[in-house]
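Subject: Handover of a structure and the findings on it

Dear colleague,

Please find below the structure that I am handing over to you. A description of its salt bridges and of one of its sheets follows.

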Amino acid sequence: MTLSGLRRSVAALIRLAPLFLAACVASQSTVPTPSPVPTPVPQLALRVLVTGLTDLDTSGPPLPGAHVCAGTVRGGERCIETANDGSATFTLAPSTYQLRVEGPDATRWMTDNRVVDVTSADTALWIGLPARIRISGVVLNERGAPVVRAQACVHPITRVNVECARTGADGKYTIETRADLYRLDVEGPPGAKLVPMWAGGGYLEDDAAIIDARASDATDIDFALEPGVVLRGTVRVAGATIEDAQVCIRTLAAPLGWQCERTDKHGSYSALRVPGEYWVWALPPDRVRATGLWYDRVLEGFQATPFDLSADATLNITLPDGPQIRGQVRNESGEPVPDVYVCVDTAFTTGRICRPSGFDGGYAVTTRPSTYIINVVPPAGSGYIAEYLDRKRNWVEADEVRLGTGDVQVDLVVRRGVIVKGTIKDKRGVPAVGATLNFGDPRDVEHAGATDGTGAFEVVVVPGTYHVDVFPPRFPGNLVGREMEIDASGAVEIDIVLDDVAP
């Protein structure tokens, strides 16, 4: 090849070089890029055991066929049924889940809803479903006509969950709730002026019948509400109205307890009652220095006049000033003891007044000039003994305190003992509300106590051995008292069962 031919070949290659380079780049761009391998999402187990729930809130038998659903706020819900052993297991992505559990028969079991955190580890939980029951009845007025939109409410004995329902046009109500022991009250619709009533025919919760709805529905819990009249007015001290004063009213028609109404921020009160004659007693709140007053403007109960409440009436009350019994409540180490009720009354009771001690142990009871007996009621669970001034056991032995027109200083010392607590029930497990216990011997009472609305009691005693007399409550009146001996050298917990008159 000549030199000139060689030069022409090199020039041609130079012109073709960009084309070869572009082809090369194009060929390289078509090579596929490897896709990233996805990171597996971790999975966690949620294991749920579903059983029935007893009336003692303990686990019952497993519930096969219960519906268990788990879902997130943004995601869908997954549902499975429990196996024969009552268990259900989910495999879930870490998150917080809303869990809904229904019994195998939704008409027989209450639904449980809760939030479960399944974010860092496998989770297991037990869910006890209480049985579903219905409490029903009809509400009538005094003429036997249905009361529309009356409100019926069930109050569980050992829980705070109150559930209510309104009556329909036929006066009937039905409350669906969990199986348990209940009290039930009904009040008329707003403006109807029908006096509220508790099941069993009483106007006080302490006298209410206990409805046993632990195993089956409670039906035919009927009410006949009576028309009422209203006593209203204001309570004043030194010309100014006072909030939180109490106006207490007690009927002369039956041996019933006091029903008290509190004044609002304007010093006003309103009491709806069955027409009749009533004792009326007004008391200031503990922060206000004033003396309680009976109708008609007297300081002592035996001087009181019945108030005729046969129609709506107004009664304005002005409370007078008075002297105080005041002092400090301390323990045997000299430390102040708060929340102790200091109660004063005359030997022949004419109006017991109790006031709490403050955080510094200080208390003050304003009352009329007279001779008084003082006792202390320490808070539950404190371990302090409830007793009279100077460690006296009862009001017969108690030292008297004379209160004239000026204040009197009385410092009190509370001492520790041992706690005796427990429950009193009948053979069906229904609480005996208002049962009383005396600790001592058959001739002498050293300590005493009573059961609350759940049938529970707590009495703090001086360590020793005691003869205990247990007296049944006034209502329902079918229980028999009993006697026992206990060793209270240390803390004692005992459950007492009372027999029926006619088992």
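A residue is called buried when its relative accessible area is under 20%, and exposed when that area is over 50%; anything in between is partly exposed. Please bear in mind that this is a predicted model.

Salt bridges

The structure holds 22 salt bridges. Three of these pairs are described here, together with a network.

The first topic is the pair formed by Glu 261 and Arg 273, whose closest N and O atoms are 2.8 Å apart. Glu 261 belongs to strand E20, which covers residues 259-262, while Arg 273 belongs to strand E21, residues 268-273; the pair therefore ties together parts that are 12 residues apart in sequence. The surroundings of the two partners may be read from their accessibility. Arg 273 has 5% relative accessibility and therefore counts as buried, since the limit for that class is under 20%. Glu 261, at 23%, counts as partly exposed.

In a further salt bridge, the side chains of Arg 100 and Glu 102 meet at 3.0 Å, N to O. Is each partner buried, exposed or partly exposed? Arg 100 counts as partly exposed, with a relative accessibility of 24%, and Glu 102 also counts as partly exposed, with a value of 23%.

Asp 426 and Arg 428 form another salt bridge, with 3.3 Å between the closest N and O atoms. Asp 426 has a relative accessibility of 8%, so it counts as buried. Both residues also take part in a network of salt bridges that links them with Asp 212 and Arg 214.

The sheet with strand E36

Asp 426 also leads to the second subject, as strand E36 spans residues 418-426. In which order do the strands of this open sheet stand? The order is E39-E36-E42, with 3 strands and mixed pairing. Strand E39 (456-461) and strand E42 (492-498) stand at the edges; each has a single partner strand, so one side of each is left without a neighbour in the sheet. From one strand to the next, the twist averages 25°.

Strands E36 and E39 pair in the antiparallel sense, over 6 bridges. Within this pairing, Gly 422 stands opposite Phe 457 in E39.

Yours faithfully,
The sender

Definitions and conventions: Residues are numbered from 1 along each chain as its sequence is written. This is a predicted model: local features need pLDDT of at least 70, side-chain atom pairs count only at pLDDT 80 or more; totals for chains, interfaces and linings use all residues. Side-chain values use heavy atoms; hydrogens and water are left out. A salt bridge is a side-chain nitrogen of Lys or Arg within 4 Å of a carboxyl oxygen of Asp or Glu. Buried means under 20% relative accessible area, exposed over 50%, partly exposed in between (1.4 Å probe, protein chains only). Helices (H or I, at least four residues) and strands (E, at least two) are DSSP runs, numbered from the N terminus. Two strands pair if DSSP finds at least two bridges between them. Axes are lines fitted to C-alpha atoms, for helices over the stretch in contact, and angles run from 0 to 180 degrees between N-to-C directions.
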